[in-house]
Structure formats: structure tokens, C-alpha cells
Amino acid sequence: MIVLGIDPGLTRCGYAVVSSQGAHTLTAVALGVIRTPPSMPLPNRLAELKGELAALISQYGPQAVAVEQVFFQVNVRTAMSVAQVSGLALAEAAAAGCDVATYTPSQVKNTVAGWGGATKAQVQKMVQSRLGLAVVPEPPDAADAAALAICHLAMAPLRQRISEVGR
């Protein structure tokens with residue numbers, strides 16, 4: 001299974017493509033950040049992100065896309081822009097026929113690091129370990145996206161069983 005993890009952000013949108021060849025064999029296919037300049041008008045930034053997300057889905061053909069769930073932030077402006085990018089990612093993934101999932105930061109941290117209150121550095125270290133990377137993945141946005149993909153790969157069997165029971 002190939003999963004595209006998305007850590008939504010207007011200035012920095014982290015992405016990671018992770019492949020699974022079984023329960024314990026994970027491979028980082030791609031890690032990175034899509035950047036848009038703050039000086040660019042909002043609609044143009046969103047359009048650029050939409051195009052980049054569509055290109056990632058087209059290039060890597062993920063079966064699933066995992067997006068960080070927007071949660072309340074102190075800065076309303078930041079929360080709004082993250083929500084807009086999250087919506088783009090969810091819509092692009094659904095339009096491409098991917099299984100779409102959202103996870104809270106604490107769900108991701110708990111799944112990847114074993115504790116919902118793990119620090120960014122702890123998550124990065126666990127992503128490095130789980131993916132067999134020589135170095136800690138940078139920037140943190142890309143590591144967060146990889147953690148989302150890893151989380152989905154761990155949760156996918158449970159989601160499948162719940163789906164089957166619900167039928």
C-alpha cells in the first residue's frame with residue numbers, strides 16, 4: 001500500500017509518500033515541503049498548492065491520503081489557512097479516488113511515538129527509525145507528514161474491519 005501523508009500549511013505544506021510491503025516494512029518514497037510565498041495573494045497560493053497536491057497524487061498513485069485534522073489554534077488566521085489547505089488536500093484525494101483519512105496530532109504521536117504528548121523531536125526520531133532513514137527527516141513539516149502516513153498504515157487494518165462490520 002502507498003500512502004500520501006499531508007501536514008497542511010499555507011506557507012509550508014509537508015508531504016510524505018510511504019510504501020508498505022507488510023506490517024513492518026515501511027519505505028520512504030518521497031519527503032518534502034511545498035512552499036508558497038506570503039507575498040502571493042491567497043487565491044494564487046491555494047491554486048498553487050492544489051496543483052502541487054494533484055501532481056503528487058498523480059505521480060505516486062497512493063491508495064490512501066492521510067491529512068492532519070485541523071484543531072483549534074490560538075491564532076484564528078493560521079487556523080483558517082490550515083483549514084483551507086486541509087480542504088484542498090481532502091478534495092484532491094477524494095477526486096482521485098483515494099481512501100481519505102484524517103488524524104489528530106495526538107493520534108499520530110500516540111501511534112508513531114507511543115505517547116500522545118510526544119515532542120516534535122521525538123516524532124522525528126521515531127519517523128527516522130520506522131522508515132530506516134540515515135538522518136532525522138527535515139524540515140519538521142515533512143517528518144509530520146511521514147508520521148501521518150505511518151499512522152494511517154498502522155490504522156488501515158482497523159479502519160477496514162470497522163468498515164466491514166458497518167456494512
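**Exercise 1. Pairing within the sheet**

Which residue in E3 is the bridge partner of Ala 16? Determine this in the predicted model, and then describe how the strands of the sheet are arranged.

*Solution.*

Step 1. The bridge partner of Ala 16 is Leu 31, a residue of E3. The two strands concerned, E2 and E3, run antiparallel and are joined by 9 bridges.

Step 2. On the E1 side, E2 pairs with E1 in the antiparallel sense over 6 bridges. Ile 6 stands opposite Tyr 15 of E2. The connection from E1 to E2 is a hairpin of 4 residues.

Step 3. Strand E1 (residues 2-7) also pairs with strand E4 (residues 64-68), here in the parallel sense and over 4 bridges. Within this pairing, Gly 5 has Ala 66 of E4 as its bridge partner.

Step 4. The sheet is open, comprises 5 strands in the order E3-E2-E1-E4-E5, and has mixed pairing. Strand E3 (26-35) and strand E5 (99-103) each have a single partner strand, so one side of each is left without a neighbour in the sheet. With direction ignored, neighbouring strands are turned by 20° against each other on average.

**Exercise 2. Helix H1 on the sheet and against H2**

State which strands helix H1 touches, and characterise the packing of H1 with H2.

*Solution.*

Step 1. Helix H1 (residues 42-60) packs on the sheet and touches E1, strand E2 (12-20) and E3. The direction of H1 makes about 160° with that of E3. Of the strands touched, E2 is mostly covered, with 8 of its 9 residues buried.

Step 2. Two packed helices are described by the angle between their axes and the distance between the axes.

Step 3. For H1 and helix H2 (residues 76-95), the axes come within 10 Å and cross at roughly 35°. The crossing of H1 and H2 is right-handed.

Step 4. On the H1 side, the residues that meet H2 are Leu 42, Leu 46, Leu 49, Lys 50, Leu 53, Ala 54 and Ile 57. Their counterparts in H2 are Gln 84, Val 85, Leu 88, Ala 89, Glu 92 and Ala 93. The residues of this contact divide into 10 nonpolar, 1 polar and 2 charged.

**Exercise 3. The crossing of H3 and H4**

Classify the crossing of H3 and H4 by angle and by handedness, and then place Ala 118 relative to these helices.

*Solution.*

Step 1. The axes of helix H3 (residues 105-113) and H4 come within 9 Å and cross at roughly 50°. This angle makes H3 oblique to H4. The crossing of H3 and H4 is left-handed.

Step 2. H3 contributes Lys 109, Thr 111, Val 112 and Ala 113 to the contact, while H4 contributes Val 123, Met 126, Val 127 and Arg 130. By class, the residues of the contact comprise 5 nonpolar, 1 polar and 2 charged.

Step 3. Ala 118 is located in the loop between H3 and H4. Apart from its neighbours within four places in sequence, Ala 118 is in contact with Lys 109, Ala 113 and Val 123.

Step 4. The relative accessibility of Ala 118 is 4%, and the cut-off for burial is under 20%; Ala 118 therefore counts as buried.

**Exercise 4. Met 1 and Ser 106**

Is Met 1 buried, partly exposed or exposed? Answer likewise for Ser 106, and give a C-alpha separation for each residue.

*Solution.*

Step 1. Met 1 lies in the segment before E1. Its relative accessible area is 43%, so Met 1 is partly exposed.

Step 2. Not counting residues up to four places away in sequence, Met 1 touches Val 18, Ser 19, Ser 20, Gln 63, Leu 153 and Ala 156. The C-alpha atoms of Met 1 and Gly 61 are separated by 10.0 Å, with their positions 60 residues apart along the chain.

Step 3. Ser 106 is found in helix H3. With a relative accessible area of 39%, Ser 106 is partly exposed. The C-alpha atom of Ser 106 is separated by 12 Å from that of Asp 144, 38 residues apart along the chain.

**Exercise 5. The peptide bond before Pro 139**

Is the peptide bond from Glu 138 to Pro 139 cis or trans?

*Solution.*

Step 1. Omega for the bond from Glu 138 to Pro 139 is near -10°, and the bond is cis.

Step 2. Most peptide bonds are trans.

Step 3. Pro 139 is placed in the loop between helix H4 (120-131) and helix H5 (140-165).

Key. Residues numbered from 1 in each chain as written. Predicted model: local features only at pLDDT ≥ 70, side-chain atom pairs only at ≥ 80, totals over all residues. Heavy atoms only, no water. Axes fitted to C-alpha atoms, helices over the stretch in contact; angles between N-to-C directions. Parallel < 35°, antiparallel > 145°, perpendicular 65-115°, else oblique. Left-handed = near helix turned anticlockwise from the far one by under 90°. Contact = heavy atoms within 4.5 Å. Nonpolar A, V, L, I, M, F, W, Y, C, P; charged D, E, K, R; others polar. Pairing = 2+ DSSP bridges. Buried < 20%, exposed > 50% of the residue type's maximum accessible area, 1.4 Å probe, protein only.
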